Amino acid sequence: MTRATNRRRWLTPARLSVGLSLLAASCGSGAGGTTAPPADTSPTPPTTGASATTTSEEATTTSTVAPEVPDTDAGVGAATVEGRIAWSSDRDGNREIYVMDLVDGSITRLTEDPATDLYPTWSPDGSMIAFASERDGNREIYVMGSDGSNPTRLTDHPGEDSRPAWSPDGEQIAFSTQRGPANDEIWIMNADGSGQERVASAPETLAAPAWSPDGERIAYHLVPQFGMFEIHAYDLASGSSELLFEGGAEPAWSPDGTTIAFTILPSTDIGVFEMGDERGLILIDDPERAQDPDWSPSGDSFVFWSDRDGNSELYLSTADGSQLTRLTDDPGNDRNPSWSP
Ligand SMILES: [Ca+2]
Ligand SMILES: [Ca+2]
Ligand SMILES: [Ca+2]
């Protein structure tokens, strides 16, 4: 594993004064929580004293500013984007998978199970959604039709299996799993659950795999014993991993494969870096936590979640972070967005 020692993290602190289309009067400014690790990272990152276990996705915000919000989920309004967003929310009492149509703002719940369901991700043809669920006693990977039909379990292991990510050809799924001696590793399997094999392991915890658009690499984050989260990429041909960036987690490849958006840690903002560039750019300098970006198919927008309005909501942003649109408006925590093909 190559480890550069001279990597810098930021090109410039980007625009604080993002142009908020729906949110101009509604941004809370509570306690920062700037050292919080990703709420959905598992297992507990060692970088802070916070207890960021897998149950922390139910964490609540510390903001005391009452958001000014419309009465219903906003939909996209004036935005020009199309497609659907899958995400997880505990708005109905426990975490479930939902899909929003970006054209009309309609919301459909895809799962209905007392257990936690989270981390939905679209198959490349849009017909299927893979997700993680604890419905069978511990966290496993499942797939279902994009209408919620026929949920099928793909993994069956006492360790926690989570964060699925499809290969671009739709034939395989990468995931993180607690099958190492003590830590999460990155594994892949065929889309029917067969052929499960380890691809990346380390003494540290590895999580949040993301398959590159050319199918040749899998990016993921590494949780170091001390210091900053790192983004690495495993090369499937060579079987080796390369350090891409220090200070980030939850990588999301742009559709053209030239950049990776990510969660900046420990500040929990949204950043981006170009492949081969050791410096990054802040896209969303959020007053609260902002995490887990995912690009639109065209690459001109991305979706992420933030606590800026008092609880976790989903937001769309233009690729440069300059224009935001809030997608959800619900007291529940809305997280893990995935943009449909
Ligand atoms: Ca559930
Ligand atoms: Ca499992
Ligand atoms: Ca919410």
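What percentage of the 341 residues in the protein chain is buried? Keep the whole chain on screen for this one: buried residues come to 49%. Bear in mind as you look around that this is a predicted model.

**The whole chain.** Switch to a cartoon view and colour by secondary structure. You will find 26 strands and 0 helices. Next, turn to the contacts within the protein chain: among those with a separation of 6 or more, 47% link residues 24 or more positions apart.

**An open sheet.** Now select strands 14, 15, 16 and 17. These 4 strands make an open sheet, ordered 14-15-16-17, with antiparallel pairing. Its edges are strand 14, residues 205–211, and strand 17, residues 240–246, each of which pairs on one side only. Rotate the view a little: on average, neighbouring strands in this sheet are turned by 30° against each other, direction ignored.

**Strands 14 and 15.** Stay at the strand 14 edge and add residues 217–223, which are strand 15. The two strands run antiparallel and are joined by 5 bridges. Which residue of strand 15 stands opposite Leu206? Click across from Leu206 and you land on Leu222.

**A loop residue.** For the last stop, select strand 23 (301–306) and strand 24 (313–318), then the loop between them, where Asp309 is found. Is Asp309 buried or exposed? Asp309 is buried, because 25 other C-beta atoms lie within 10 Å, and 20 or more are enough to count as buried. Finish by showing Pro287, which is 22 residues from Asp309 along the chain. A distance drawn between the C-alpha atoms of Asp309 and Pro287 should read 9.5 Å.

Conventions: Residues numbered from 1 in each chain as written. Chains lettered and ligands numbered in written order. Predicted model: local features only at pLDDT ≥ 70, side-chain atom pairs only at ≥ 80, totals over all residues. Buried ≥ 20, exposed ≤ 12 C-beta atoms within 10 Å, placed from the backbone. Contact = placed C-beta atoms within 7 Å. Pairing = 2+ DSSP bridges. Axes fitted to C-alpha atoms, helices over the stretch in contact; angles between N-to-C directions.
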